[in-house]
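Open the model in your viewer and keep the selection tool ready. The stops below run from the surface to the interior.

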Amino acid sequence: MSLNDSRVVCGAFTKGRSSSFKLNGILRSMVPYLVFAHLVLSFIWVETGANPADYPSRFNPIPPPLPCPMWLRSFGMGIRRNIGWELFAGSARLTSAHIHAGIHMLDPVDIIYGSDVLSPNIDDTILMRLLLWLWMAPPGGSFSPLRNLDHGGPLRPRGNPQGDESNWEIARGNQLWRRALELAHTCLSLGIFFFIEHPRGSKAWQLPETRRLMNRPGVFLAEVHWCMYDENRVGDPNKKPTRVLTSAPWFKKLVRVCDRSHHHGPPLRGK
């Protein structure tokens, strides 16, 4: 059925009559069933981009749900506040930047603020479906390739990104990373956009559980260079190539990579 045909059907069935003789015949044949069963038909137009049934028929993965449009919210559907939340927040610069721009944010979560990302309260807040997006930047720590320069050798040798969990630092790093993946899966099931940020060379991208999340429909990995964003930094910025795993399709428009129009500061360690 073409786009115009679909609109004609929706319009005719909603109005109850049509200028088309054939359509009127179909509508009249339905009258006894509707009258005796006390039924009322109601149709709403769903565009192709928001119809998940269209994607499998075209052999494409089903994308995550789109935010409910404002006109539909006026009928009480899909009500959700446009709230962002930053976990593993560190200095919480993302939170402060959004608040400065007039965007409502929940209090950042990090151990330095007395809050724990492992708390069940995190799950409860997400399940309330008030969030529009969730940003997570688990600590790099043992995942960094710079740890290959340690005197005791690499914490996560080639071919073994999980490392030896008898080492408390590796076990803690794995725990926090898996927590981020767990919350990302929850967000996907609820139609909440998620972001997971980590250095480009992090061994966390090689973990099997990370690969499983990457392979879910609507999830993609983007490379970002933060030197293209920090315009107010004093001194030369570090290139700091990082990767962001996300379910937000509009994030692609925000991605920037270094255009070499500026000088970079010296690396803190390694090359």
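Start by selecting valine 31: at 41% relative accessibility it counts as partly exposed, because that class lies between buried (under 20% relative accessible area) and exposed (over 50%), with a 1.4 Å probe and protein chains only. This is a predicted model, in which local features need pLDDT of at least 70 and side-chain atom pairs count only at pLDDT 80 or more, while totals for chains, interfaces and linings use all residues. Residues are numbered from 1 along each chain as its sequence is written, and side-chain values use heavy atoms, leaving out hydrogens and water.

Next, show helix H2 (residues 21-36), where valine 31 is found. Helices (H or I, at least four residues) and strands (E, at least two) are DSSP runs numbered from the N terminus.

Now color the whole protein chain by secondary structure: there are 8 helices and 5 strands, in the order α-α-α-α-β-α-α-β-α-β-α-β-β. Buried residues make up 35% of its 271 residues.

Move inside and select Leu87, Ile126, Leu134, Met136, Phe194 and Ile196, which touch the most other members of the largest nonpolar core, a set of 31 residues. Such a core consists of buried Ala, Val, Leu, Ile, Met, Phe, Trp, Tyr and Cys residues joined through side-chain atoms within 4.5 Å. Then show helix H7 (168-190); H7 gives this core its largest share, 9 residues.

For the last stop, select a second, separate core of 12 residues, among them Leu132, Trp135, Phe195 and Val224.
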